[in-house]
Amino acid sequence: NINVEKKLLTKINAKIIVFDVLRVRKKLLLHLKSEGKTLISFDEVGKGQLIFDKIIYSLIRPSKNKKNFYSGYNYLNLSNNIIRKYYVRKYPKNIVVSLGGNDKRSLYIKIIESIKHLPNYLSFNFIISNNDYSNLSREINKRNIKLKNVKFYKNPKNFYELLIKADIALV
């Protein structure tokens, strides 16, 4: 609900608000601008491009003729910490998939459709938000997909442990 979002974001009294979603409602952004907020976005592809004060495009290419943006891998927000070094298996078995908090492009179901044809010795662990889990469960049931080698973890507290155990991670 946009009115709830407006109230919450206005109430916190922040001077700078950072969005990390592909599209933000224009109406919400205009309200926040009218409140004097500085707005920053990562990878904005919607109409908000015209409203944000700064946009950071680390992985996708920005539209031409955009002002107030930074682009390229130098702006990719990654940790410099190495969690643990370990050997690479010649034949990977454990694959972790985590696509962030909101799967608006339905990539999870596309991945599941792709992996259902892979050998059963491969195991897949999906790290997924509650909302995405509900949507994905409905879609799997609707398509009658049977998967023996897939586990789902909803907002796990042991996120990094799951990543460390993976031979391959899609994040």
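**Reading a predicted model: burial, pairing and packing**

User: This is a predicted model. Why is S98 called buried?

Analyst: The relative accessible area of S98 is 9%. Buried means under 20%, and 9% falls under that cut-off, so S98 counts as buried.

User: Where is S98 found, and which residues does S98 touch?

Analyst: S98 is found in strand β5, which covers residues 94-98. Leaving aside residues up to four places away in sequence, S98 touches Y108, I127, F159, L170 and V171. Contact here means heavy atoms within 4.5 Å.

User: How many of the residues of the protein count as buried?

Analyst: Of its 171 residues, 31% count as buried. The protein exposes about 12400 Å², and 51% of that area is supplied by carbon and sulfur atoms.

User: What makes strands β2 and β3 a pair?

Analyst: Two strands pair if at least two bridges are found between them. Strand β2 (residues 38-42) and strand β3 (residues 54-57) have three bridges, in the parallel sense, so the requirement of at least two is met. In this pairing, S41 stands opposite I55 of β3.

User: How do you know that β3 also pairs with β4?

Analyst: The reasoning rests on the bridges again. Three bridges join β3 to strand β4 (residues 69-71), and the two strands run parallel. At least two bridges are needed, so β3 and β4 count as a pair. The bridge partner of I56 in β4 is Y70.

User: Why are helices α3 and α4 called oblique to each other?

Analyst: Helix α3 (residues 107-115) and helix α4 (residues 130-143) pack at an angle of about 40°, and their axes are 10 Å apart. Angles under 35 degrees would count as roughly parallel, and those from 65 to 115 as roughly perpendicular. An angle of about 40° fits neither range, nor is it over 145, the range for roughly antiparallel; α3 and α4 are therefore oblique. The contact is made by Y108, I109, I112 and E113 of α3 together with D132, L136, E139, I140 and R143 of α4.

User: What is the handedness of the crossing between α3 and α4?

Analyst: The crossing in which α3 passes α4 is right-handed.

User: How many helices and strands are there, and in what order do the elements run?

Analyst: The protein has five helices and eight strands. From the N terminus on, the elements run α-β-α-β-β-β-β-α-β-α-β-α-β.

Conventions: Residues are numbered from 1 along each chain as its sequence is written. This is a predicted model: local features need pLDDT of at least 70, side-chain atom pairs count only at pLDDT 80 or more; totals for chains, interfaces and linings use all residues. Side-chain values use heavy atoms; hydrogens and water are left out. Helices (H or I, at least four residues) and strands (E, at least two) are DSSP runs, numbered from the N terminus. Buried means under 20% relative accessible area, exposed over 50%, partly exposed in between (1.4 Å probe, protein chains only). Accessible areas come from the Shrake-Rupley method with a 1.4 Å probe; for residues, only the protein chains shown count as cover. Axes are lines fitted to C-alpha atoms, for helices over the stretch in contact, and angles run from 0 to 180 degrees between N-to-C directions. A crossing is left-handed if the near helix is turned anticlockwise from the far one by less than a right angle, and right-handed if clockwise.
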